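This report looks at how the interior of one protein chain is put together, moving from burial to aromatic contacts, nonpolar cores and the surface.

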Amino acid sequence: MDAKLKYYVDQFDGANFAVWGRRIESIFVAKNLDKFLSKEADETKVNEVSACKKAYALMLSFLSDKVLLSLSDENNCARIFQKLKSTYLKDGAVNQILIRKRLAMLKKKKEVSVQEHLNDVNGLVNQLKSCGVKISDMDIIVYILMSLPPEYDSMKSAIEKQPSEHVSLQFVVSRLLDAEALLKDRWVSETKAPRSESSNDVAFSTNLFRRTVVCFKCNKKGHIARFCDKTVVCHDYGKLGHKKRNCRNLTRKKPSFKEEAAAVSFVVDGGEVKNFIIDSGATSHMCSQREWFEELKPSSGTVSCAAKSSPLEVAGTGVIRGRLKNGQEFVLKNVLFIPELNGNLISVKQIQKAGYSVLFRDNKAIVKGKNKTFVLCELNSKGQYVSDFIPTVSNTFVAETEEAEFWHRRLGHSGNHALRKLGLSTSDSFCENCVLAKQSAEPIGKGNRRRENAPMIHSDLCGPVEPATLSGERYVLTFVDDYSRFCEVRLIKKKSDIAVEFKKFLKVNDTVKRIRCDNAKEYVSGELQKVARNAGVEIGPCPHILFR
């Protein structure tokens with residue numbers, strides 16, 4: 001019966017040896033030839049030699065021509081299988097890392113079903129297992145959940161909330177298949193047109209409505225007159241037919257300094273300063289010397305630099321004029337002023353955007369335009385293209401330096417941060433008026449605290465408070481002991497009742513010698529003063545309270 005069974009296995013072509021080898025081992029076991037995969041036949045036994053030849057012929061039938069040519073020297077089934085295993089079974093650490101990386105980065109595509117996606121995951125898992133890696137079902141579940149798109153977030157959260165003993169690989173697979181079926185059913189129900197409950201007529205879908213409705217203002221399909229563009233006015237351009245967000249005039253506006261292309265033009269001027277470095281990777285011209293800028297406008301932003309761990313702050317953009325030693329004069333526009341930059345850069349990209357080409361030939365950088373061609377820089381011993389471009393020290397900067405203190409005083413002794421925002425020069429010189437204005441008075445002490453209980457009381461009255469209590473009180477009277485900070489609160493209906501409450505308080509607390517208050521009218525009235533004199537108590541203001 002077993003001899004009549006036929007086994008169909010694709011010929012091995014060098015790919016996925018782990019799966020192919022497992023199938024071959026199962027076939028050889030079924031035919032009682034599995035021992036010839038690991039050892040050779042005993043030549044003294046005729047039966048083993050015959051069976052070994054059958055195993056050899058069977059093995060050759062499962063190999064492609066390309067693989068078979070590489071094994072032409074082998075004439076034994078065991079040798080062939082061991083050589084294939086050593087050649088194609090990749091069980092090294094690098095292969096395991098690559099397979100794990102593919103598992104972690106695997107994502108389910110919309111056009112791929114859940115079952116097909118699970119087959120991809122299982123294929124990678126089997127490759128890991130063939131390398132000798134032990135991977136648990138929980139690890140497989142984690143890889144599957146990581147690969148799901150946002151449509152399955154609700155299902156993922158439901159699985160994560162389940163107790164760990166209830167979560168198994170079979171449970172997750174079944175929930176995934178159910179979630180896919182629900183998503184398909186929801187998509188089908190949304191695409192179908194809903195029926196009206198009041199009649200048998202079918203309500204039109206949104207797409208059908210857009211195809212049939214006609215605007216009576218422009219006679220075009222797809223919208224009604226309320227949303228017709230012919231009645232819309234652009235608030236930026238002031239014309240009919242479009243909204244501000246669709247205005248083409250907005251795209252013509254000048255971009256910010258980060259997107260603006262720097263330009264190079266040729267003028268006459270001169271001076272002696274440090275050298276610039278030509279950089280093909282810089283996105284903009286950059287300079288750290290403030291005195292080289294002829295015009296400087298305040299700007300904000302950051303620039304990333306390979307030599308710095310944190311981004312560099314951009315303080316402004318401006319124009320730098322200068323000349324080469326060969327007499328060629330030009331000006332760099334839209335140069336970023338970065339005070340913390342260690343050097344000065346000329347951007348090749350910005351020169352090209354301005355309509356010029358830069359050629360690096362014979363250790364020289366050559367700038368070529370329509371009418372002019374000149375050498376911009378040469379390669380030095382450090383491998384840098386250093387230009388002999390000499391910027392001009394701006395006369396405007398000298399004037400600003402001399403007038404820095406004037407602008408500081410004119411703008412009410414503003415700080416350097418505010419002056420920099422206005423595009424004005426700053427000064428680090430000493431300003432006596434600023435120092436005097438920033439002085440602060442010494443704090444007023446609260447006085448010595450009493451060392452005995454209840455010789456002095458602090459009192460205050462608050463009100464009227466709305467709404468009143470049920471019995472009609474609208475004012476709150478407080479008594480605070482200076483020593484223990486114990487506070488007693490009493491409610492009164494009107495201010496004139498303060499004398500009555502004080503009389504009751506002093507009768508209970510006969511050790512009080514002094515009362516401090518805010519010198520309000522109710523405290524300095526004749527009736528309360530009379531009560532205090534009879535009790536031998538002095539009423540006075542706090543030392544830091546202004547007299548009224």
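A residue counts as buried when its relative accessible area is under 20%, as exposed when that area is over 50%, and as partly exposed in between. The coordinates belong to a predicted model, and by that cut-off Phe-479 is buried because its relative accessible area is 2%. Phe-502 is buried as well, with a relative accessible area of 1%.

The structure holds 8 aromatic pairs. Two of them involve Phe-479 and are set out below.

| Pair | Centre to centre | Angle between planes | Arrangement |
|---|---|---|---|
| Phe-479 and Phe-502 | 5.0 Å | 80 degrees | edge-to-face |
| Phe-479 and Phe-505 | 4.2 Å | 5 degrees | stacked |

The edge-to-face pair links distant parts of the chain, since Phe-479 sits in strand β16 (residues 475-481) while Phe-502 sits in helix α16 (residues 498-508), 23 residues apart. In the stacked pair, Phe-479 of strand β16 meets Phe-505 of helix α16, so parts that are 26 residues apart in sequence are tied together. Phe-479 and Phe-505 are both buried, and one aromatic cluster is formed by Phe-479, Phe-502, Phe-505 and Tyr-523.

Turning to the chain as a whole, there are 17 helices and 19 strands, and 32% of the 548 residues count as buried. Among contacts with a separation of 6 or more, 54% are between residues 24 or more positions apart. The protein chain exposes about 36,600 Å², of which carbon and sulfur atoms supply 51%.

The largest nonpolar core has 25 residues, and those with the most contacts inside it are Leu-103, Tyr-152, Met-155 and Leu-176. Two or more residues are given to this core by each of α5 (93-105), α6 (114-130), α7 (137-146), α8 (153-160) and α9 (169-191), with the largest share, 6 residues, coming from α6. Leaving aside residues up to four places away in sequence, Tyr-152 touches Lys-108, Val-114, Leu-176, Ala-179, Glu-180 and Leu-183. A second, separate core has 24 residues, including Ile-24, Ala-51, Met-59 and Leu-84.

At the surface, Met-138, Val-142 and Met-146 make a nonpolar patch of about 250 Å². Is Met-138 buried, partly exposed or exposed? Its relative accessibility is 41%, and therefore Met-138 counts as partly exposed. Met-138 is found in helix α7, an element that also gives two or more residues to the largest nonpolar core.

Definitions and conventions: Residues numbered from 1 in each chain as written. Predicted model: local features only at pLDDT ≥ 70, side-chain atom pairs only at ≥ 80, totals over all residues. Heavy atoms only, no water. Helix = DSSP H or I, 4+ residues; strand = E, 2+ residues; numbered from the N terminus. Buried < 20%, exposed > 50% of the residue type's maximum accessible area, 1.4 Å probe, protein only. Contact = heavy atoms within 4.5 Å. Areas by Shrake-Rupley, 256 points an atom, 1.4 Å probe, with all protein chains shown as cover. Core = buried A, V, L, I, M, F, W, Y, C linked by side-chain atoms within 4.5 Å. Patch = residues over 30% accessible without salt bridge, like charges linked within 9 Å, V, L, I, M, F, W, Y side chains within 5 Å. Salt bridge = Lys/Arg side-chain N within 4 Å of Asp/Glu carboxyl O. Phe/Tyr/Trp six-rings, centres within 6.5 Å; stacked < 30°, edge-to-face > 60°.
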